[in-house]
Amino acid sequence: MNIYRADIHIHTVLSPCGDLEMSPRNIVAEALVKGLDIIGITDHNTTRHCKIVSQLAEKEGIYVLLGAEVTTKEEVHCLVFFENTDTLNILQEFLDENLPDIKNNPLFFGDQVQIDEEENIVYTEERLLTNAINVSIGELEIFVRNHDGLFIPAHIDRMKNSIYSQLGFLPAGLKADALEISRRSTPKIFSAAHPEINAFPLVTNSDSHVPEHIGTAFSNFFLDSPCFSEIKMAFKGDNNRRVITR
C-alpha cells in the first residue's frame, strides 16, 4: 500500500473566479512543486479543462480526477467526479442542459476561457458558470450515482454555499462518498460541533483559485495505485484502502 497526497478541489482560469495564472500548464507545474500525486479539476459547472489538465499531468506522473464543482438549485456546492472521458461528456451535457441562460459579465465576474496546451484561447463560455443549475442536491446525487461517479458536498464548514449554510442540516439518507472540510478549518474542529459528519469519510482540499494555494490543504490516500477505482475503495474503506486528513 502506498500513500498519495491529494488536493482534489482546484479551479482553472475557466472559472470566472479563477486567476488568469490558473492555466492547465501552471496548475500541473505547481502540483509538482507541492508534491501532489493526485489533483481534482473542479471548475464551476463545467468540465471543459479536465482533459487537457489530465493529459499534461499524466506526463508528470500525476493522476487527475475529472469533474466539476456543481452548484445545486439550493446553491450548495458539490464536487462530482467521473471515471473517464465518456462519462465526463455525459456530465458536461447534463450541466449544459441545466445551467440557466444568464450571460456572464467578464468585467464584473471575470473571464471564462478554455485554453489549449500552448495557452491559446479555444473557447469562451458565455453563460455565467457560477449560477445555480436547475437541479436539487438530491437529484444531483442520484445522477452521479447512476453514472458510478463520486459525490462530495464541498466545504461544509463554510458560511456560504455549503450544506449547512444553505439547508441548515445534513440531510438524512444522504449518500455522499465523502464530505469536504475547507482549508480554513479541520475535520477535528468542525466535527466537534457536528459529530454527525463522522459517519462519512472526510477530505480537506485547497479550493485553489490562484497557483500558490494549490496543495495548501490536502488528504493522504492509502492506495495500491492512483486511479478512480482505488479512490472509490478508499472512500468505502475497502481492502485497507483509506483516506486520512490532518
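The questions and answers below concern a predicted model and take up one of its helices, its nonpolar cores, a strand residue and its salt bridges.

User: In this predicted model, which residues of helix α5 are buried, and how are they arranged about the helix axis?

Analyst: Helix α5 spans residues 137–146, and its buried residues are I137, L140, E141, F143 and V144. Seen down the axis of α5, these buried residues fall within an arc of 165 degrees, so they line one face of the helix. An α-helix has 3.6 residues a turn, so residues three or four places apart point the same way. The arrangement asked for is therefore one face of α5, within an arc of 165 degrees.

User: What covers the buried residues of α5, and which exposed residues does the face turned away from them carry?

Analyst: The cover over the buried residues of α5 includes the strands β3 (63–71), β4 (77–82) and β7 (150–153), together with the helices α3 (85–98) and α6 (163–166). On the face of α5 turned away from its buried side, the exposed residues are I142 and N146.

User: Which residue with a positive phi follows α5, and what is that angle?

Analyst: The residue is D148, which follows α5. Its phi is positive, near 55 degrees.

User: How many residues does the largest nonpolar core have, and which of them have the most contacts inside it?

Analyst: In soluble globular proteins, nonpolar side chains tend to be buried together. Here the largest nonpolar core has 49 residues, and its largest share, five residues, comes from helix α2 (residues 50–58). Apart from this core lies another of 20 residues, with I8, I38, L150 and A154 among them. Within the core of 49 residues, those with the most contacts are I39, L140 and F151.

User: With which residues is I39 in contact, leaving aside its neighbours within four places in sequence?

Analyst: I39 is among the residues with the most contacts inside the largest nonpolar core. Once its neighbours within four places in sequence are left aside, I39 is in contact with D7, I8, I10, I27, A31, V53, I62, Y63, V64 and L65.

User: Is L179 buried or exposed, and what is its relative accessible area?

Analyst: L179 lies in strand β8, which comprises residues 179–181. Beyond its neighbours within four places in sequence, L179 is in contact with I152, P153, I156, L170, I197, F200, P201, L202 and V203. Buried means under 20% relative accessible area, and L179 is therefore buried, at 0%.

User: Where along the chain do the partners R158 and D207 lie, and at what N to O distance do their side chains meet?

Analyst: The pair links distant parts of the chain, with R158 in the loop between β7 and α6 and D207 in the loop between β9 (202–204) and β10 (219–223), 49 residues apart. R158 is partly exposed, with a relative accessible area of 23%, whereas D207 is buried, at 11%. Their side chains meet in a salt bridge with an N to O distance of 3.5 Å.

User: Which residues are joined into one network by salt bridges that share partners?

Analyst: The structure holds 11 salt bridges, one of which is formed by R127 with E125, the closest N and O atoms being 3.9 Å apart. R127 counts as buried at 16% relative accessibility, and E125 counts as buried at 8%. Salt bridges that share partners join this pair with two further residues, and the network consists of R48, D96, E125 and R127.

Conventions:
Residues are numbered from 1 along each chain as its sequence is written. This is a predicted model: local features need pLDDT of at least 70, side-chain atom pairs count only at pLDDT 80 or more; totals for chains, interfaces and linings use all residues. Side-chain values use heavy atoms; hydrogens and water are left out. Buried means under 20% relative accessible area, exposed over 50%, partly exposed in between (1.4 Å probe, protein chains only). Helices (H or I, at least four residues) and strands (E, at least two) are DSSP runs, numbered from the N terminus. The arc is that of the directions from the helix axis to the C-beta atoms. Contact means heavy atoms within 4.5 Å. A nonpolar core is a set of buried Ala, Val, Leu, Ile, Met, Phe, Trp, Tyr and Cys residues joined through side-chain atoms within 4.5 Å. A salt bridge is a side-chain nitrogen of Lys or Arg within 4 Å of a carboxyl oxygen of Asp or Glu.
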